[in-house]
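User: I have a structure in front of me and would like to understand the words people use for it. Could you take me through it step by step?

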Amino acid sequence: MTIQRERIHERNRMPINPRGGYVLYWMQQSQRLHWNHALEYAVQKANELRLPVLVVFGLTAHYPEANLRHYTFLIEGLIDVAEDAPRRGVRFVVREGSPAEVCLNFAKDAALVVMDAGYLRIQRQWRERVAENSPCLCVEVEADAVVPVWFVSSREEYAAATLRPKIHRYLRQFLIPLEQVPVAICPTTRGDELSPPTTAQELRGLLTLLPVDRSVSPSPTAHGGTKRALMLFSEFVEKKLPVYHERRNDPAEDLGSGLSPYLHFGQISPLYVALEVARHNDSPGAAAFLEQLIVRRELSFNFVTHNPRYDSYDCLAHWARQTLALHAADPRPALYTLEDFELAQTHDPIWNTCQQELVAFGTMHNYMRMYWGKKIIEWSRSPEEAFAVALYLNNKYQLDGRDPNSFAGVAWCFGQHDRPWPERPIFGKVRYMNEAGLRRKFDVQRYINRITQALRNIGG
DNA sequence: ATCGGCTCGCGCAA
DNA sequence: TGCGCGAAGCCGAT
């Protein structure tokens, strides 16, 4: 068994239903059939019980802050799952509705319910509801973090520096491959009592029919799915990883992995990515990438898990709120409304370029995500308003909006997980960033040209 | 071009 | 209790 017991939590005290016709894997966060601990756990249990595996995904059209851009990426991923399900020997069914209700509906005829882990408020609420109302045993399996979130730390960490040693202490235990066991009983052989599998065509139809917020168009360049994620990843390892540690911050280049949206929707396994990077070489590029993928990503999981206010200004560390409050009345060099920001109508062509990249593609260069957030603080009436504006725009346009990384990333601009710096107007002791710093380190015009060209290529 | 100073809280060693 | 240290900072001095 390559699924460490620290990944597995029995969420209720119900017995296995002896009359259950299948083992139910309620897929929610980890939207993939490859390297998925929750799925493998379900397969192992099904083989022990001599039952088939039913994989069910509940699709709600009303996920908070999600719009057509996010739904398109998500459904592109579900199409990959639907197409691969027969090869994996499992039946995959998508139903429209609240995910917890969809799961409970199928739980009635299940021997046991297996679910993956998710740490946002709504994900925890869904899991709580399923665990409390499931008529049979309900097991949660961690498939989204390399080191299980609750195991590595049971409290809110102050910064990466405090989480890092804890993660590294347990890496040897958890950074190990996941064995994939074949399914013994394929549901197609005795599955008449089950719902028919959802087809790729049905999923495409669902995308046009779902009553989702259509105010933001799909990304013209980034498309979802495990297959695309794996292609993108192998290209990254080959071309970008060797120089990742020294050039990833240069916005004139595009040296990020681009995996964040795929990780957000669980379309690629962070464990698989980490093992591949660690295997390919032990170069400085690999070390720098693993720091991002494991330490920084899982710090954000720690943040949303242990800080109940992760999506509000009140989430910030005390020293940060105190120092920002002290400077709330400082005069601002410019003041913009949400609309000004959203329409990329500031005086700063660099900032406007960031915003245009975000709106058009659903991504922004990682370094510019910091600059972008810092400037919203500088040009808003209050830090509270700035926080709301930054999180709103981030979650509306970023393909990885509402990811734990998104919440931690916005909060970082306001001092969270960072340290104090010399006091100055508006920012107080929160780290300041400016255009001079960008120009000192990078060729800013090359960044603007790169984005302008990309916008032209899509006819924008 | 490079360097030190700035600043707070954590966690470890003592 | 003291001390080292930290996501990508800036700025002035050399």
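Analyst: Happily! One term before we start: a residue is near a strand if one of its heavy atoms lies within 4 Å of that strand. Keep in mind that this is a predicted model.

User: Which residues are around DNA strand B?

Analyst: With that cut-off, the residues around DNA strand B are Arg155, Tyr158, Thr162, Trp319, Pro420, Pro422 and Lys429. On the DNA side, sugar and phosphate make up 80% of the strand B atoms that come within 4 Å of the protein. By class, this surface has four nonpolar residues, one polar and two charged.

User: What makes the approach of Arg155 to a phosphate oxygen of DNA strand B a polar contact?

Analyst: A polar contact is a pair of N or O atoms within 3.5 Å. A polar side-chain atom of Arg155 is 2.7 Å from a phosphate oxygen of DNA strand B, so the pair meets the cut-off. Lys429 passes too: an N or O atom in its side chain is 2.4 Å from a phosphate oxygen of the strand.

User: And which part of DNA strand B does Pro420 meet?

Analyst: Pro420 meets a base oxygen, with a backbone N or O atom at 3.0 Å. That value also fits the 3.5 Å cut-off, so this pair counts as a polar contact.

User: Let's go inside the protein. Why is Gln355 called buried or exposed?

Analyst: Buried means under 20% relative accessible area. Gln355 has 0% relative accessibility, so Gln355 counts as buried. You will find Gln355 in helix α16, residues 349-361. Its side chain has a polar contact of 3.0 Å with the side chain of Trp372. Leaving aside neighbours within four places in sequence, Gln355 is in contact with Phe341, Glu342, Ala344, Trp372 and Leu393.

User: What about Ala200, at 13% relative accessibility: why does a value above zero still get a label?

Analyst: The label depends on the cut-off of 20%. At 13%, Ala200 falls under that cut-off, so Ala200 counts as buried. Ala200 lies in helix α8, residues 200-209. Not counting residues up to four places away in sequence, Ala200 touches Ile79, Ala82 and Glu83. Ala200 and Leu78 are 122 residues apart in sequence, yet 8.1 Å apart in space from C-alpha to C-alpha.

User: Which label does Glu65 get, and why?

Analyst: Partly exposed is the label between the 20% and 50% cut-offs. Glu65 has a relative accessible area of 42%, so Glu65 is partly exposed. Glu65 lies in the loop between β3 and α2.

User: What is notable about phi in Glu65?

Analyst: Phi of Glu65 is positive, about 70°, although the residue is not a glycine. Trp35, also not a glycine, has a positive phi near 50°. Trp35 is found in the loop between β2 (22-27) and α1 (37-49).

User: How do you know that there is empty space inside a protein?

Analyst: Rolling a probe the size of a water molecule over the atoms shows where empty space is left. In this structure, a search finds two cavities of 30 Å³ or more.

User: What lines the largest cavity?

Analyst: The largest cavity holds about 310 Å³ of space. Of its 25 lining residues, Gln28, Gln31, Tyr63, Leu74 and Phe265 are the closest to the centre. The elements giving two or more residues to this lining are β3 (53-59), α2 (68-88) and α4 (121-133). By class, the lining has 13 nonpolar, nine polar and three charged residues.

User: Which residues line the second largest cavity?

Analyst: That cavity has about 40 Å³ of space, and its lining is Val147, Val149, Val152, Leu163, Ile167, Glu298, Phe301 and Asn302. Helix α13 gives the most to this lining, with three residues. The classes are six nonpolar, one polar and one charged.

User: What makes a pocket not a cavity?

Analyst: In a cavity the probe fits but cannot get out, while a pocket is open. The second largest pocket has a volume of about 230 Å³. Its lining has 17 residues, and His9, Arg11, Tyr119, Glu140 and Trp150 are nearest its centre. Seven of the lining residues are nonpolar, two polar and eight charged.

Definitions and conventions. Residues numbered from 1 in each chain as written. Chains lettered and ligands numbered in written order. Heavy atoms only, no water. Polar contact = N/O pair within 3.5 Å; in protein donor to acceptor, adjacent residues only side chain to side chain. Nonpolar A, V, L, I, M, F, W, Y, C, P; charged D, E, K, R; others polar. 1 Å grid on protein atoms, 1.4 Å probe; cavity = no way out; pocket = protein on both sides within 12 Å on 5 of 7 lines; lining within 4 Å. Points joined across faces, edges and corners; volume = space filled by probe spheres on them. Helix = DSSP H or I, 4+ residues; strand = E, 2+ residues; numbered from the N terminus. Buried < 20%, exposed > 50% of the residue type's maximum accessible area, 1.4 Å probe, protein only. Contact = heavy atoms within 4.5 Å.
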